[in-house]
Amino acid sequence: MGKRGWSWSWSWAAALAQGVGAEEGDSEREKRWTDLFHRFDTNQDGQVDIAELGAGLRAMGVLVGGGTEQEILRTGDTNQDGQLDLTEFTEYLRQHERKLKLMFNSLDRNNDGEIDASEIQQALLNLGITITLPQAEKILLSMDKDGTITVDWTEFRDHFIFNPLSKMEEIVEHWKHSTFMDIGESLTIVDEFSETERLTGVWWRQLLSGAIAGAVSRTCTAPLDRLKIYMQVFAAKRSLNLAGVWKMMVAEGGYLSLWRGNGVNVLKITPETGIKFMAYEQYKKIFLVHKSTLEVHERFVAGSLAGVTSQTIIFPMEVLKIRLGLGKSGQYMGIFHCAQNMLRNEGPRAFFKGYVPNAIGIIPYAGIDLAVYESVKNMYLQKYGQERTDPGVLVLLGCGTFSSTCGQLASYPLALIRTRMQAQAVVKGEPEMNMLQQFARIVQREGWTGLYRGMAPNFLKVVPAVSISYVVYEHMKFFLGVTSK
C-alpha cells in the first residue's frame with residue numbers, strides 16, 4: 001500500500017471529537033462518509049472492492065469475521081459489479097444507520113437517550129435469554145467510550161455501523177454468543193434457543209449441524225475411543241501399557257478393527273440429541289409455570305434431567321458399542337446380531353448393565369463442566385471485557401476443552417465402573433458385581449490410580465475431537481444456511 005498504508009487510526013468517535021456533534025446534519029454526515037470512502041479506496045479507482053473493505057475495517061479496529069465484509073458488499077452493491085462506488089457506499093451507511101436508530105430506540109425503554117445495563121438485560125430477557133446485571137454491564141463496556149456505564153446513540157452507532165445486523169434479534173444474538181459460549185461438549189446442558197430461532201427453523205439446523213459434526217468427530221477419533229475401552233477392561237489384567245494394548249488390537253483384527261463399534265456410536269447421536277432437546281423443553285415447563293425464563297440453576301437441573309432421560313432411552317446402544325468394541329473378529333456380523341446374542345444369552349437386563357454409575361456420573365460431569373466453563377469465561381471477560389465481549393474461536397475452544405476435561409476427571413471413575421460392568425459377560429472368569437463391588441475391587445487390586453485406567457487415550461482424543469467437530473459444525477451451519485461466509 002506504500003505511503004497510503006493504514007497507519008492512521010480513524011473511528012467515528014474520533015471524528016466526533018474533532019467537532020462533529022452527536023446530532024450532526026446531513027452535510028457533515030455526507031462529508032464524513034465521503035472521507036471514509038476515500039480512505040478505503042487505496043488504489044484511487046473510485047471503487048472499494050472486498051479486499052480494500054476488509055483491510056479498511058481491520059485498520060479501524062473493527063473485528064472482521066463471520067462474513068462481515070461479504071455481507072456489507074452483498075447488501076450495498078446495487079449494480080452487482082462486485083464493488084462499491086461512493087453512491088452505493090454512502091447509501092448503505094445511510095440505510096443501515098436508520099435501522100440502527102430504530103433498534104437503539106427500541107432498547108432505550110425509558111427514552112432518556114441512553115442504554116443502561118438493565119435495559120440490555122431486559123432486551124435479552126424478552127427473547128428468552130437470562131443474564132445477570134454484571135454480565136449486562138460487561139456488554140456495555142465493549143461499547144462505552146466515555147466510562148459512564150451507559151451507551152448513547154453515538155456510541156451505539158459507532159459500535160455497530162459496520163456490523164451488518166438489520167434486526168433487533170440479530171443484535172441480541174450477537175450479545176447472546178458473548179454470554180453463553182457453550183460448544184456442546186457437556187453431556188447434559190442443552191443449547192438454549194430464542195423464540196426467533198425456533199420460528200425460523202434455526203434450531204433444527206443447528207442441532208443437525210451438531211449431529212453431523214459429532215459423527216465426523218467420533219469417526220476420526222474412534223481408534224482412540226476403542227483403545228480407551230481396551231485399556232479400561234484388559235490393561236490391568238494383562239499388565240499392558242498404551243502401546244501394548246494398541247499392538248494387541250491391531251494383531252487381533254488389523255487396522256480396520258480400530259473402528260469396531262463406531263457405527264452404533266455414530267447412530268446414537270441423532271436420537272440422543274433429539275430426545276434430550278424434547279425432554280429439556282418438557283422439563284422447562286415445570287419451572288416456567290409463573291415466569292417466562294429459566295434461572296441458571298433451573299437450566300442446569302432441567303438439562304441434567306433431560307440428559308438422564310436421553311441416556312436412559314439410548315443406553316442399550318451404549319452397551320452395544322462396548323460389546324462390539326470388545327468383540328473379536330467374526331464374533332458379530334453387525335449391530336443386530338450382537339443385540340440378538342445378548343438378548344438370547346443374557347436377557348433384557350444385559351442392555352442396562354452399568355446404568356446406575358452412568359446416570360450418577362452425569363451430575364458431576366455437567367456440574368463441574370458448567371462451573372469451570374463459567375469461571376474461565378468470567379475471568380476472560382473481567383480482563384478483556386472492556387475491549388471486546390466476543391472472545392473469538394480460540395478462546396471458545398480453549399474454555400470448552402478445559403472445562404470438559406475437568407468434568408471428565410471428576411466423572412471418569414464412574415465411567416470406568418460402567419464399562420467394567422458392561423464388559424463382565426465377555427471377560428472370562430469375571431464375576432457379576434454391582435457398582436459398589438466393582439469400585440472396591442478396583443481400589444483393592446489396582447489402587448486408587450486404577451480408577452483412572454484408560455484416561456490417557458481419553459485425553460488424547462479431546463483436542464482433535466473438539467477441533468474437528470468445530471470445523472465441521474461451522475461448515476454445516478454455512479451449508480444449511482444458518483451462517484454466511
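**Figure 1. Overview of the predicted chain.** Of the 485 residues in the chain, 48% are buried, and the model from which this value was computed is a predicted one. The secondary structure of the chain comes to 22 helices and two strands. When contacts between residues at least 6 apart in sequence are considered, 68% of them join residues at least 24 apart. The area that the chain exposes is about 23300 Å², and carbon and sulfur atoms supply 59% of that area.

**Figure 2. The largest nonpolar core, which has 33 residues.** Within this core, the residues that touch the most other members are Phe 40, Phe 89, Ile 120, Phe 156 and Phe 162. Two or more residues each are given to the core by α2 (26-40), α3 (50-59), α4 (68-76), α5 (86-107), α6 (117-126), α7 (133-141) and α8 (153-160). The element that gives the most to this core is α5, with seven residues.

**Figure 3. A second, separate nonpolar core, made up of 15 residues.** Among the residues of this second core are Ile 229, Val 233, Ala 235 and Leu 258.

**Figure 4. The surroundings of Gln 232 in helix α12.** Helix α12 covers residues 222-238, and Gln 232 has its place in this helix. Because its relative accessibility is 2%, Gln 232 counts as buried, the cut-off for that class being under 20% relative accessible area. Leaving aside residues up to four places away in sequence, Gln 232 touches Tyr 412, Leu 416, Thr 419, Arg 420 and Arg 453. With one of these residues, Thr 419, the side chain of Gln 232 is also joined by a polar contact of 3.1 Å.

**Figure 5. A nonpolar surface patch that includes Phe 459.** Leu 409, Tyr 452 and Phe 459 together make this patch, whose area is about 240 Å². Phe 459 is found in helix α21, which covers residues 455-460. With a relative accessibility of 34%, Phe 459 counts as partly exposed, a class that lies between the 20% and 50% limits for buried and exposed residues.

**Figure 6. Phe 300 in helix α16, shown with Ala 366.** Phe 300 lies in helix α16, which covers residues 296-326, and Phe 300 is partly exposed, its relative accessible area being 21%. Although Phe 300 and Ala 366 are 66 residues apart along the chain, a separation of 8.1 Å is found between their C-alpha atoms in the model.

Key: Residues are numbered from 1 along each chain as its sequence is written. This is a predicted model: local features need pLDDT of at least 70, side-chain atom pairs count only at pLDDT 80 or more; totals for chains, interfaces and linings use all residues. Side-chain values use heavy atoms; hydrogens and water are left out. Helices (H or I, at least four residues) and strands (E, at least two) are DSSP runs, numbered from the N terminus. Buried means under 20% relative accessible area, exposed over 50%, partly exposed in between (1.4 Å probe, protein chains only). A polar contact is a pair of N or O atoms within 3.5 Å; within protein, one must be able to donate a hydrogen and the other to accept it, and residues adjacent in sequence count only if both atoms are side-chain atoms. Contact means heavy atoms within 4.5 Å. Patches are made of residues with over 30% relative accessible area and no salt bridge: like charges are joined within 9 Å, nonpolar side chains (Val, Leu, Ile, Met, Phe, Trp, Tyr) within 5 Å. Accessible areas come from the Shrake-Rupley method with a 1.4 Å probe; for residues, only the protein chains shown count as cover. A salt bridge is a side-chain nitrogen of Lys or Arg within 4 Å of a carboxyl oxygen of Asp or Glu. A nonpolar core is a set of buried Ala, Val, Leu, Ile, Met, Phe, Trp, Tyr and Cys residues joined through side-chain atoms within 4.5 Å.
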